[in-house]
Structure formats: structure tokens, C-alpha cells
Amino acid sequence: PKYRGPNPLNWVLLNSEEYTGVTVHKLVKEIDSGGILLQRKYKILQFQCLGELFKELAFLSGSMAKDIIKLYESNDLKFLSQDESKMTYLKKPFALNNVNEDTDVKVLLNRLRAFVPFPGLNFNFKNVEYRIISYDVSKKSDNKSGNIIHKATKKVFLVQTDDNEVI
């Protein structure tokens with residue numbers, strides 16, 4: 001029940017969650033609150049973006065379909081009650097898809113992961129607005145952690161973390 005609402009994947013990335021997953025639950029009037037039929041856990045990769053996470057969870061849900069059909073055919077549909085004390089309902093997070101050169105690196109990276117490829121991350125750098133729709137990660141360079149370096153000729157930004165460079 002943790003991340004009920006329209007955009008749970010954005011929120012797990014914004015909040016640096018280590019795991020997420022797929023839950024199949026009974027449809028009831030209250031949003032995402034029906035009894036749980038089946039759940040699968042998924043470990044989020046360190047620099048995994050929203051698009052990649054969505055794709056992996058789509059594959060996971062597809063693989064669960066066979067299990068759901070078996071449960072249905074064997075008339076073995078047992079729904080477990082959700083623990084309402086762990087319930088959160090979060091609204092659309094799109095007001096958070098803006099950063100600037102002064103944004104803390106961890107916050108910047110979480111927002112980058114949460115809003116790429118859609119709707120993209122709005123980035124204000126030296127009073128110029130950019131929309132970032134993709135990124136890549138490489139091994140650490142010689143740049144100082146927390147630095148943002150702009151290579152205008154390539155329309156590239158480098159963000160240095162402790163161990164990696166996000167391009």
C-alpha cells in the first residue's frame with residue numbers, strides 16, 4: 001500500500017527506494033486499496049531511469065499473468081488484506097521536475113531518474129533552460145564530486161558523483 005496513486009514509479013525514484021514491485025489487487029472503490037492477490041519484488045538499479053524501470057516492471061507483470069490465470073482456473077483466488085498503517089497516497093510529482101545548478105547532487109540525480117524520459121527534467125543552468133530527456137553513466141573521472149560541467153558544443157552536462165559521472 002505504500003505509494004498509492006497515479007505515479008508510484010516516479011515517487012520510488014524520487015525517494016531513493018531500493019526496491020519496488022508489482023501488486024495485483026482486487027478492484028474496490030478506494031484507490032489501490034483492495035486485497036492483494038499477488039506481489040513480486042524488484043530491486044531498483046543504482047542509476048535506473050523511469051523508462052527503464054517501467055519496462056522491467058511491465059515484463060515482470062507479464063510474467064505474473066500466467067500465475068494469475070492458474071489461480072483463477074484452480075479457483076484459488078485468496079486475497080490478503082493490505083496493512084493500512086503503511087498506506088500513503090501521493091499525487092502527481094510533476095511540480096518537482098525542475099532543478100538548477102545549485103540543486104544538491106543527490107536530489108538532482110533522483111529527479112533525473114524519476115523524470116527521464118518522460119516528461120524530462122527541466123534544468124536551469126546559468127539562466128538558460130534545458131530539458132534533459134536522456135542520460136548515461138560512466139566511471140569516475142578526475143572531476144570533484146558535486147560538480148556540474150557544461151560542454152555547450154556537445155549539448156552535454158556532466159554531473160560528478162562520488163563514484164560515477166552522469167552524462
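**A four-stranded antiparallel sheet and the helix packed on it**

In this predicted model, four strands form an open sheet in the order 6-9-8-7, and their pairing is antiparallel. Strand 6 (137–139) and strand 7 (148–151) lie at the edges, each pairing on one side only. Averaged over the sheet and with direction ignored, neighbouring strands are turned by 25° against each other. Strands of a sheet pair through backbone hydrogen bonds, either parallel or antiparallel. In the case of strand 8 (residues 156–160) and strand 9 (residues 164–166), the two run antiparallel and are joined by two bridges. Val159 has Val166, in strand 9, as its bridge partner. Helix 3 (residues 105–115) packs on the sheet, where it touches strand 7, strand 8 and strand 9. The direction of helix 3 makes about 130° with that of strand 8.

Helix 3 is largely enclosed by the rest of the structure, because nine of its 11 residues are buried. The buried residues are Val105, Leu108, Leu109, Asn110, Arg111, Leu112, Arg113, Ala114 and Phe115. At the start of the helix, the backbone nitrogen of Lys106 has a side-chain oxygen of Asp104 within 3.0 Å. Among the buried residues of helix 3 is Leu109, whose contacts, leaving aside neighbours within four places in sequence, are Phe47, Val159, Thr161 and Val166. Two of these contacts of Leu109, Val159 and Val166, are the bridge partners described above.

The largest nonpolar core contains 35 residues, and those that touch the most other members are Leu53, Leu109, Leu112 and Phe123. At least two residues of this core come from each of helix 1 (8–14), strand 2 (36–43), helix 2 (50–73), helix 3, strand 4 (121–125) and strand 8. The greatest contribution is that of helix 3, which gives six residues. Leu109 thus appears both among the residues that touch the most other core members and among the buried residues of helix 3; Leu112 is likewise listed in both respects.

Phe123, another of the residues with the most contacts to other core members, is also touched by Glu129. The place of Glu129 is in strand 5 (residues 128–132). Glu129 counts as exposed because its relative accessibility is 54%, and the cut-off for exposure is over 50%. Residues up to four places away in sequence not being counted, Glu129 touches Asn122, Phe123 and Asn124. With Asn124 there is a polar contact between the two side chains, at 2.9 Å. Glu129 and Val99 are separated by 30 residues in sequence, and their C-alpha atoms lie 9.9 Å apart in space.

As regards the chain as a whole, three helices and nine strands are present. Their succession from the N terminus on is α-β-β-α-β-α-β-β-β-β-β-β. Of the contacts in the chain with a separation of 6 or more, 58% are accounted for by residues 24 or more positions apart. The chain has 167 residues, of which 36% count as buried. Its exposed area is about 10,700 Å², and 54% of this is supplied by carbon and sulfur atoms. Taken along the principal axes, the C-alpha atoms fill a box of roughly 60 × 30 × 25 Å.

Conventions
Residues numbered from 1 in each chain as written. Predicted model: local features only at pLDDT ≥ 70, side-chain atom pairs only at ≥ 80, totals over all residues. Heavy atoms only, no water. Buried < 20%, exposed > 50% of the residue type's maximum accessible area, 1.4 Å probe, protein only. Contact = heavy atoms within 4.5 Å. Polar contact = N/O pair within 3.5 Å; in protein donor to acceptor, adjacent residues only side chain to side chain. Pairing = 2+ DSSP bridges. Axes fitted to C-alpha atoms, helices over the stretch in contact; angles between N-to-C directions. Core = buried A, V, L, I, M, F, W, Y, C linked by side-chain atoms within 4.5 Å. Areas by Shrake-Rupley, 256 points an atom, 1.4 Å probe, with all protein chains shown as cover.
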